[in-house]
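Biologist: Before we discuss any labels, please show me the model, and then let me ask you how each label is earned.

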Amino acid sequence: MSTTRPRGFTLVEVLVALAITAIALVAGLKATAALTDNADRQGRVLLAEICAENQLIALRLARSLPGVGDSTSTCTQAGLSLQVLQSVQPTPNPNFRRVDAVVSEGGTQILKLTTIVGAN
């Protein structure tokens, strides 16, 4: 009479399965962190774009040719304080100016928008 013992998993098999699970969890955690960072960056870019567009629209609404030079202002959007550097440069046509709006946070540039403003 032959009796067979039920076989279970060996310690090595369990350790291999745990290692594979740990690697999969770490990869998932890194992917989740990358998605979170990207969402945060996109939110900051959107707020920076609102600040830059507001600055450029204000120039257009002034209905006068802006003077050449740089100016800095602070823009607060959704509790985030951003610095906007507005740079006005001459163009070959004296009736137009090139205007750059550079938005930064803590010295790190987030966004740069450029437009041409004409004399109205």
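Modeller: Helix H1 is followed by arginine 63, whose phi is positive, near 55°. This is a predicted model, in which local features need pLDDT of at least 70 and side-chain atom pairs count only at pLDDT 80 or more, while totals for chains, interfaces and linings use all residues. Residues are numbered from 1 along each chain as its sequence is written, and side-chain values use heavy atoms, with hydrogens and water left out.

Biologist: What makes residues 11-62 a helix, and what span is expected of H1?

Modeller: Helices are DSSP runs of H or I with at least four residues, numbered from the N terminus, and strands are runs of E with at least two. H1 has 52 residues, and the expected span is 1.5 Å times one less than the number of residues, which gives 76 Å, close to the 77 Å from its first C-alpha to its last.

Biologist: Why is leucine 11 called exposed?

Modeller: Exposed means over 50% relative accessible area, buried under 20% and partly exposed in between, with a 1.4 Å probe and protein chains only. Leucine 11, which is found in helix H1, has 63%, and is therefore exposed.

Biologist: Why, then, is lysine 112 called partly exposed?

Modeller: Lysine 112, in strand S4, has a relative accessible area of 44%, so it is partly exposed.

Biologist: What is lysine 112 in contact with, leaving aside its neighbours within four places in sequence?

Modeller: Taking contact as heavy atoms within 4.5 Å, lysine 112 touches Arg98, Asp100, Ala101 and Val102.
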